[in-house]
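I sat down with this entry to look up a few local features one by one, and I note below what I found. I begin with the cysteines and then turn to some single residues.

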Amino acid sequence: RVVGGTQATHGSHPWLVSMQNRGSHFCGGAILTESWVLTAAHCFPSLSEFLGGVLVLVGEFDLRVEEDEQVFKIKSVSVHEKYSPAFPMNYDVALVELDHHITMGWLYSIGARVTPICLPQPDLKIPPWTNCAVAGWGKTKEGRLSTVLREVHLGLVEQAKCKYTLRTIISSFAKQKQRLSNAGMTVLCAGPEEGGRDACQGDSGGPLVCPTGSGNGNWVALGITSWGKGCGRSWGRNSRRTPSKRGSPGIFTDVRMLLPWIKQKLRQCSVRDGLLSENQGWIRNPSLPNTHYDNNLCLWSIIVPPGYSILLEFEHFDVENDSSCLYDRLTAMLLFSSDINRTGQ
């Protein structure tokens with residue numbers, strides 16, 4: 001993939017997966033939870049034909065080597081209802097549900113760590129030209145796929161410049177120009193104007209990961225590799241070139257704009273009551289709806305590994321409408337490892 005990039009260090013992208021159709025890599029993806037993978041909608045143009053031979057490989061590095069990677073079949077694929085393959089390919093996002101759970105943590109069998117990638121907050125601001133990274137097994141130029149995992153660092157492009165560049169590479173048809181003007185763009189751009197560094201075919205679906213800027217070393221999946229005009233072409237002077245010679249930065253689905261859809265789909269997953277999955281999940285009162293629960297105490301313990309933080313979002317409270325009610329309440333307590341007899345809590 002990675003035009004102008006380098007071979008990645010083994011284990012440096014612990015959230016990355018390879019999706020393969022009958023033994024051939026075709027798209028990447030990012031682990032969100034032990035059961036769900038984030039990828040691009042265009043990776044699945046025909047769900048009925050495609051899914052029978054598709055496998056998801058976790059912990060892969062060199063496609064030529066038979067390693068002890070984790071291999072999964074696909075249980076389901078959710079493609080965004082507004083996805084359109086027409087320019088500028090808005091809502092290019094999909095969620096893949098695996099047939100069994102990913103084993104997280106340090107895996108001696110593959111000599112690397114397997115972890116989920118974090119989703120960004122909706123209001124996360126990352127300055128233009130922030131150095132973000134993409135990795136994959138895609139083409140290293142407009143040619144053959146790479147057999148080993150490669151990575152490239154790309155600077156974010158200002159959104160106004162991104163949109164202007166898109167205008168330079170569309171056809172002259174008024175309908176396409178009108179679509180670009182009217183559509184709420186769900187894409188962002190990354191890559192240098194002079195070209196030379198880019199994603200390429202085969203990297204689709206993999207995440208564009210960026211540092212959060214908090215100085216804690218955390219990365220978030222800001223984008224999903226979607227498309228581009230050529231691979232690594234220069235695009236800074238597109239207006240001076242004939243249409244066939246023009247290029248573009250890498251075009252990525254903006255994950256921040258699609259967080260409501262992603263979170264809604266993840267809520268439908270089979271997280272057991274009282275259990276939070278590795279990266280994110282859904283916990284709720286275990287009582288059945290419309291039943292009397294006798295003011296029972298519901299308690300959940302969420303373990304956060306050292307060096308990580310946790311975000312709790314509360315969406316709904318079902319409080320009794322009674323002035324004498326004394327027991328409907330929520331209490332959050334923070335315990336450190338020194339307070340309890342459990343390491344890493």
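**Disulfides and selected residues**

I looked up Cys27 first, and found that this residue is buried, with a relative accessible area of 3%. I keep in mind throughout that the model is a predicted one. The partner of Cys27 is Cys43, and the two form a disulfide with their sulfur atoms 2.0 Å apart. Cys27 sits in strand β3, whereas Cys43 is in the loop between β4 (36-39) and α1 (47-50), so I record a link between distant parts of the chain, 16 residues apart. Cys43 also counts as buried, at 3% relative accessibility. For the handedness I read the torsion about the S-S bond, which is -90°, and the link of Cys27 and Cys43 is left-handed.

I then searched the whole structure for such bonds, and the search gave 4 disulfides. As a reminder to myself, a disulfide is a covalent bond between the sulfur atoms of two cysteines. How are the bonded cysteines of the chain paired when they are numbered in sequence order? I wrote the pairing down as 1-2, 3-7, 4-5, 6-8.

Next I took the disulfide of Cys132 and Cys210, whose sulfur atoms are 2.1 Å apart. This pair links distant parts of the chain, with Cys132 in strand β10 and Cys210 in strand β13 (residues 207-211), 78 residues apart. The torsion about the S-S bond of Cys132 and Cys210 is 110°, and this link is right-handed. Cys132 and Cys210 are both buried.

I went on to Cys162, which a disulfide joins to Cys189 with an S to S distance of 1.9 Å. Because Cys162 lies in helix α2 (residues 159-169) and Cys189 in strand β12 (residues 187-190), the pair ties together parts that are 27 residues apart in sequence. Is the disulfide of Cys162 and Cys189 left-handed or right-handed? The torsion about its S-S bond is about 55°, so I entered the disulfide of Cys162 and Cys189 as right-handed. I checked accessibility here as well, and both Cys162 and Cys189 are buried.

I also looked up Cys118, and noted that this cysteine is partly exposed, with a relative accessible area of 31%. Its value lies between the cut-offs of 20% and 50%, which is why I did not enter Cys118 as buried or as exposed.

I turned to backbone angles and asked which value phi takes at Arg22. Phi of Arg22 is near 55°, a positive value in a residue other than glycine. Arg22 lies in the loop between β2 (16-21) and β3 (24-31), and I entered this residue as exposed because its relative accessible area is 62%. Trp129 gave another positive phi in a residue other than glycine, near 70°. Trp129 is in the loop between β9 (112-114) and β10 (131-136), and counts as partly exposed at 43% relative accessibility.

My last entry is on Ser226, which is found in strand β14 (residues 219-227). With a relative accessible area of 4%, under the 20% cut-off, Ser226 is buried. Which residue shares a side-chain polar contact of 2.6 Å with Ser226? The partner is Asp92. Leaving out residues up to four places away in sequence, I listed the contacts of Ser226 as His42, Met89, Asp92, Ser204, Ile251, Phe252 and Thr253.

Terms used: Residues numbered from 1 in each chain as written. Predicted model: local features only at pLDDT ≥ 70, side-chain atom pairs only at ≥ 80, totals over all residues. Heavy atoms only, no water. Helix = DSSP H or I, 4+ residues; strand = E, 2+ residues; numbered from the N terminus. Buried < 20%, exposed > 50% of the residue type's maximum accessible area, 1.4 Å probe, protein only. Polar contact = N/O pair within 3.5 Å; in protein donor to acceptor, adjacent residues only side chain to side chain. Contact = heavy atoms within 4.5 Å. Disulfide = S-S within 2.5 Å.
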